[in-house]
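Here are my notes on this one, jotted down while going through it. Have a look at the model alongside them.

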Amino acid sequence: RDAPLQNISINELIEPTKDRNGADIEWICTSAKKFALERHIMSKASEDPAVIQDDLMKAVKETTERKY
């Protein structure tokens, strides 16, 4: 919800999420926002944190490892 996105490639997310349901996608998005916030805190940047492709891919990996 209301998380800014930056340089996201939907095409790169199709294959690793093809067998996921809506709850899984929500979990991935929530995890990606967590990664973006952690990156933002570590960088001490002043602008709002944005979710980037790397955040989403890490979230896909994390949720896959925990689920399966």
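1. Aromatic pairs first. The count of aromatic pairs comes to 0 here. Keep in mind throughout that this is a predicted model.

2. What sits over the ring of F35, then? The charged end of K34 does, 4.7 Å from the ring centre. K58 lies over the face of F35 too, at 4.8 Å from the centre of the ring. So F35 is worth a click, and I come back to its other contacts below; for the charges over its ring, the cut-off is 6 Å from the ring centre, together with an angle within 35 degrees of the ring normal.

3. Now the overall layout. The protein chain has 3 helices and 2 strands, and reading along the sequence you get β-α-α-β-α. The radius of gyration is 12 Å, close to the 11 Å that the globule rule gives for 68 residues, so the chain is as compact as a globular protein of that length. Along its principal axes, the C-alpha trace spans about 35 × 25 × 20 Å.

4. On surface and burial: 28% of the 68 residues count as buried. The chain exposes about 5,000 Å², with carbon and sulfur atoms supplying 54% of that. As for contacts, take those between residues at least 6 apart in sequence: 69% of them join residues at least 24 apart.

5. Which residues make up the largest nonpolar core? There are 9 of them: L13, I28, A32, F35, A36, V51, L56, A59 and V60. Helices α2 and α3 (53-67) each supply at least two residues of this core, and α2 gives the most, with 4 residues.

6. Back to F35, which belongs to that core. Setting aside neighbours within four places in sequence, F35 is in contact with D55, K58, A59 and E62. K58, then, turns up both in this contact list and over the face of the ring, while A59 is a fellow member of the core.

7. E62 deserves its own look. Is E62 buried or exposed? This residue of helix α3 has 14% relative accessibility, so E62 counts as buried, the cut-off being under 20%. Beyond its neighbours within four places in sequence, E62 is in contact with S31, K34 and F35. Of these partners, K34 is the residue whose charged end sits over the F35 ring.

8. S31 is the other side of one of those contacts. The residue is in helix α2, and at 5% relative accessibility S31 counts as buried. Its contacts, leaving aside neighbours within four places in sequence, are A59, E62 and T63. A59 is on the core list as well.

9. E38 is also placed in helix α2, which covers residues 22-43. With a relative accessible area of 41%, E38 is partly exposed. E38 and P49 are 11 residues apart in sequence, and their C-alpha atoms are 9.0 Å apart in space.

10. M57 is in helix α3 and is partly exposed, at 30% relative accessible area. Outside the four-place window in sequence, M57 is in contact with E12, L13 and P16; L13 is one of the core residues. If you want a reference distance, M57 and E26 are 31 residues apart in sequence and 14 Å apart in space, C-alpha to C-alpha.

11. At the start of the chain, A3 is in the segment before β1. A3 has a relative accessible area of 28%, which makes it partly exposed. Not counting residues up to four places away in sequence, A3 touches K33 and V51, and V51 is another member of the core. The C-alpha atoms of A3 and A50 are separated by 6.5 Å, although the two residues are 47 apart along the chain.

12. Last, a backbone point. Where does N7 lie? N7 is in the loop between β1 (5-6) and α1 (10-14). Its phi is near 55°, a positive value in a residue other than glycine. Most residues other than glycine have a negative phi, which is why I flag this one. At 68% relative accessibility, N7 counts as exposed.

Methods. Residues numbered from 1 in each chain as written. Predicted model: local features only at pLDDT ≥ 70, side-chain atom pairs only at ≥ 80, totals over all residues. Heavy atoms only, no water. Phe/Tyr/Trp six-rings, centres within 6.5 Å; stacked < 30°, edge-to-face > 60°. Buried < 20%, exposed > 50% of the residue type's maximum accessible area, 1.4 Å probe, protein only. Rg over C-alpha atoms; globule rule 2.2 N^0.38 Å. Contact = heavy atoms within 4.5 Å. Areas by Shrake-Rupley, 256 points an atom, 1.4 Å probe, with all protein chains shown as cover. Core = buried A, V, L, I, M, F, W, Y, C linked by side-chain atoms within 4.5 Å.
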